[in-house]
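Reader: Please take one part of this model and look at it closely. I would like the charged pairs that link separate parts of the chain, and then how they sit in the rest of the fold.

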Amino acid sequence: MKRDMDLIRDLLLQIEDGRRSFDLLTPEIAEVLGESSEGKLPREQAELLEYHLDLLDNAGLITIKAKLSGAAWQIGQITWAGHDFLDTVRDPAIWRETKAGAKKAGGFSLDLLKALAKGLVKKKIEQHTGVELDL
């Protein structure tokens, strides 16, 4: 499964906005449990979501309060590192430029994306304020 940085960013934004629970129950599992399958994620989408929540946890960007694989995840909070990353990629224009720059370079890591976005934010601040930042 490939890491989707747009989904990583989107999940962080959702968590920041207060989302604390992710239902990963698929229609098949709901049926086995005798629950309604209405509104449940298809298996592929549930697996993708679970994979990316796990990546966020492993990267130290969020904390997990509880997780039942294939059922639901309860989010604790965004960590300091998660807030720092989110603050650098929050602006949609900065995010587009960051992804374009990473694509041109032919690869990226979370740290490189953060550094690239941070550089773009720094440049934007300097353009708007005239203050040169030494970061």
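Author: Start with Glu-16. At 30% relative accessibility, Glu-16 is partly exposed, because that class runs between the buried limit of 20% and the exposed limit of 50%. The model is a predicted one.

Glu-16 has a charged partner. Arg-90 forms a salt bridge with Glu-16, and their closest N and O atoms are 2.6 Å apart. Glu-16 belongs to helix α1 (residues 5-16), while Arg-90 lies in the loop between α4 (80-89) and α5, so the pair ties together parts 74 residues apart in sequence. Arg-90 is partly exposed too, with a relative accessible area of 31%. The pair does not stand alone. Glu-16, Asp-87 and Arg-90 are linked in a network of salt bridges.

Next, the loop between α4 and α5 again. Asp-91 lies in this loop. Lys-124 forms a salt bridge with Asp-91, and the closest N and O atoms are 3.3 Å apart. Lys-124 sits in helix α6 (residues 110-129), and the pair links distant parts of the chain, 33 residues apart. Both ends are partly exposed. Lys-124 has a relative accessible area of 32%. For Asp-91 the relative accessibility is 29%.

A further pair joins a helix to a strand. Asp-54 forms a salt bridge with Lys-67, with 3.7 Å between the closest N and O atoms. Asp-54 is in helix α3 and Lys-67 in strand β2 (residues 62-68), 13 residues apart. Asp-54 counts as partly exposed at 25% relative accessibility. Lys-67 also counts as partly exposed, at 44%.

How many salt bridges does the whole structure hold? A search finds 8. The charge count gives the background. The protein has 19 positive and 23 negative side chains. The centres of these two sets lie 6 Å apart.

Now follow helix α3 to a nonpolar site. Leu-48 lies in this helix, which covers residues 43-58. Met-1, Leu-48 and Tyr-51 form a nonpolar patch on the surface. Together they have about 270 Å² of accessible area. Leu-48 itself is partly exposed, with a relative accessible area of 31%.

Then helix α5, after the loop that holds Arg-90 and Asp-91. Thr-98 lies in this helix, residues 92-105. Is Thr-98 buried or exposed? Thr-98 counts as buried, because its relative accessibility is 0%. Leaving out residues up to four places away in sequence, Thr-98 touches Leu-113, Leu-116, Ala-117 and Leu-120.

Strand β3 comes next. Gly-76 lies in this strand, residues 72-78. At 29% relative accessibility, Gly-76 is partly exposed. Beyond its neighbours within four places in sequence, Gly-76 is in contact with Arg-20, Thr-63, Ile-64 and Lys-65. What separates the C-alpha atoms of Gly-76 and Ala-66? The distance is 8.1 Å, for residues 10 apart along the chain.

Thr-79 is placed in the loop between β3 and α4. Thr-79 is buried, with a relative accessible area of 16%, because buried means under 20%. Setting aside neighbours within four places, its contacts are Gly-60, Leu-61, Ile-62 and Thr-63. Thr-63 thus appears among the contacts of Thr-79 and among those of Gly-76. Ser-109 is another matter. Thr-79 and Ser-109 are 30 residues apart in sequence and 19 Å apart in space, C-alpha to C-alpha.

Last, the fold as a whole. The secondary structure comes to 6 helices and 3 strands. Along the sequence, the pattern is α-β-α-α-β-β-α-α-α. The C-alpha atoms fill a box of roughly 60 × 30 × 25 Å, taken along the principal axes. Of the 135 residues, 29% count as buried. The protein exposes about 8500 Å², and carbon and sulfur atoms supply 53% of that area. Consider contacts with a separation of 6 or more. Residues 24 or more positions apart account for 52% of them. The salt bridge between Arg-90 and Glu-16 spans 74 residues in sequence, and the one between Lys-124 and Asp-91 spans 33.

Conventions:
Residues are numbered from 1 along each chain as its sequence is written. This is a predicted model: local features need pLDDT of at least 70, side-chain atom pairs count only at pLDDT 80 or more; totals for chains, interfaces and linings use all residues. Side-chain values use heavy atoms; hydrogens and water are left out. Helices (H or I, at least four residues) and strands (E, at least two) are DSSP runs, numbered from the N terminus. Buried means under 20% relative accessible area, exposed over 50%, partly exposed in between (1.4 Å probe, protein chains only). Contact means heavy atoms within 4.5 Å. Accessible areas come from the Shrake-Rupley method with a 1.4 Å probe; for residues, only the protein chains shown count as cover. Lys and Arg count as positive and Asp and Glu as negative; His and the chain ends are not counted. The place of a charge is taken as NZ of Lys, CZ of Arg, CG of Asp or CD of Glu. Patches are made of residues with over 30% relative accessible area and no salt bridge: like charges are joined within 9 Å, nonpolar side chains (Val, Leu, Ile, Met, Phe, Trp, Tyr) within 5 Å. A salt bridge is a side-chain nitrogen of Lys or Arg within 4 Å of a carboxyl oxygen of Asp or Glu.
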